[in-house]
Amino acid sequence: VGEYRRAKKIAIPSDVAEGKHSLQISLKDVQGNVLQTADQIFFVNRSFVPARAPAPIFRSESPAPVGCRQPSPSCLPGVDASDASCSGHGRCLDGFCECERDWFGEECYHNVLQETRFLPARDPSSYPCQASAFFSIGASELSQKIKQVQFPSECRDAFVLRIPLQGIGIMIQFLVSGITEALLSGRTLLLHEQDWPWMAHPDCGRASFHCYFLPLSNCSSFKGIEEVQAKHLTRGHIKRAGLSMEETGNVNTNIGILVPSNLLPPHHGSFWYRSHVLLYLLQLWPNREAQLRALKNRIGFGSKGRVIGVHIRRGDSCEASVGYRTPCQPVSSFVESIKEMIDRFGAAQVLVASDDEEAVRNVSSQLQVEVIHSEMDVSMLSSNWYVEDR
């Protein structure tokens, strides 16, 4: 039975009612005895427009379409080339600034690793083409490297990454560090499913990273495999770079920042690397994408034009800040930034994600545009305990 691999297609009748459905498939022998059963969950929702064919996640190098960009001011004809060009953090190339690693902006004036706040003076959609093409250079090659180590022809050498239970952001960054180790060592990265208890869903039966995201590897766990602690792994990458913990700061705030140069194309830094690795790691199952599309349609996401997304964290975020945790900010500071973005870039809707219903109401009362939010019951998130301690 375990070697039975013949594929069968199951046609779902077009008149099936909307909602969640369960499908049970049974494999029987010629006498009608059940040999094996499998359960599958699927959803029917006719309230949203079918998704377009997905664009490739990683794009290869390509030139910008003619006429879709405006020259950078310091790169205009007649401007003397000097250290002032591109703010001293890039070079002029065909009329636009090609920035150094981890420097962004039309004139390369923003370091994404040093400053988290970045509001360009000009709407980025007015000059997107060349910068987008530049950011995609090397992405397809990185994707192929990950696939080669994570989907080998033979599963011989692998390690299990043990990630401490913390917030989703830090755990995902530890996962990026695990991919870095896989690329450096040539060993396949596997996950310990017990490390992801908050990734539960009624469809899955048990909590698992792969309950939401596509498998990271074609190999499965087996006895005797080495377990690697994520924090030890990150400290090892710091040592490989010839730095000390004092020079890099808290482990949690610098996960994945140190990227070996052989994994980076010229002029690209750790932000580029982490962005494309995350795009590879966080690919949703088709049924999860369908659920997300259905939710977005129910709340009217994007129905009126451009949307600004805002995350307002409360609960444990408003307790005394510990090291790497950003202190809780008042709603008024979020509203000020939202209004500034609306003035600069325009928006017809604001999506607010928060564990505090009162924060959503406060934002709604202070803005002239429509405020939308998810349908989930956020009361279960109302706690002053850190998420990893609940």
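Just after helix 8, Gly346 takes a positive phi of about 80°. The model is a predicted one, and this glycine is a handy place to enter it. From here we can walk back along the helix, then across to the sheet.

Helix 8 has 15 residues. From first C-alpha to last it reaches 21 Å, close to the 21 Å expected at 1.5 Å a residue. Which of its residues are buried? They are Val331, Phe334, Val335, Ile338, Ile342 and Phe345. Seen down the axis of helix 8, these buried residues fall within an arc of 125°, so they line one face of the helix. The general geometry helps here: an α-helix has 3.6 residues a turn, so residues three or four places apart point the same way. The face of helix 8 turned away from the buried side carries Glu336 and Asp343, both exposed.

What covers the buried residues of helix 8? The cover includes strand 10, strand 11 and helix 9, which spans residues 357-366. Two of those names lead to the sheet.

Three strands form this open sheet, in the order 10-11-12, and the pairing is parallel. Strand 10 and strand 12 (370-372) are the edge strands, each pairing on one side only. Neighbouring strands of the sheet are turned by 25° against each other on average, direction ignored. Helix 8 (residues 331-345) packs on the sheet and touches strand 10 and strand 11. The direction of helix 8 makes about 165° with that of strand 10.

Now take the pairings one at a time. Strand 10 and strand 11 (residues 349-354) are parallel and share six bridges. In this pair, Val307 stands opposite Gln349 of strand 11. Strand 11 and strand 12 also run parallel, joined by three bridges. There, Leu351 stands opposite Ile372 in strand 12.

Strand 10 (residues 307-312) has two faces. Ile308, Val310 and Ile312 make up the covered face. Val307, Gly309 and His311 make up the uncovered one. Val307, then, is on the uncovered face of strand 10 and stands opposite Gln349.

Two further helices are worth a stop. Helix 2 (residues 139-150) has 12 residues, which should span 16 Å at 1.5 Å a residue; its end C-alpha atoms are 16 Å apart, which agrees. The buried residues of helix 2 are Ala139, Leu142, Ser143, Ile146, Val149 and Gln150. They cover an arc of only 135° around the axis, which puts them on the same side of helix 2.

Helix 3 (residues 168-185) has 18 residues. The span expected at 1.5 Å a residue is 26 Å, and the end C-alpha atoms of helix 3 are 26 Å apart, in agreement. How much of helix 3 is buried? Of its 18 residues, 14 are buried, so helix 3 is largely enclosed by the rest of the structure. Gly186 follows helix 3, and its phi is positive, near 75°.

Finally, step back to the whole chain. The protein chain has nine helices and 12 strands. Of its 390 residues, 37% count as buried. Among contacts in the chain with a separation of 6 or more, 65% come from residues 24 or more positions apart. The accessible surface of the protein chain comes to about 23000 Å². Carbon and sulfur atoms account for 53% of that surface.

Note on methods
Residues are numbered from 1 along each chain as its sequence is written. This is a predicted model: local features need pLDDT of at least 70, side-chain atom pairs count only at pLDDT 80 or more; totals for chains, interfaces and linings use all residues. Side-chain values use heavy atoms; hydrogens and water are left out. Buried means under 20% relative accessible area, exposed over 50%, partly exposed in between (1.4 Å probe, protein chains only). Helices (H or I, at least four residues) and strands (E, at least two) are DSSP runs, numbered from the N terminus. Two strands pair if DSSP finds at least two bridges between them. Contact means heavy atoms within 4.5 Å. Accessible areas come from the Shrake-Rupley method with a 1.4 Å probe; for residues, only the protein chains shown count as cover. Axes are lines fitted to C-alpha atoms, for helices over the stretch in contact, and angles run from 0 to 180 degrees between N-to-C directions. The expected span of a helix is 1.5 Å times one less than its number of residues. The arc is that of the directions from the helix axis to the C-beta atoms.
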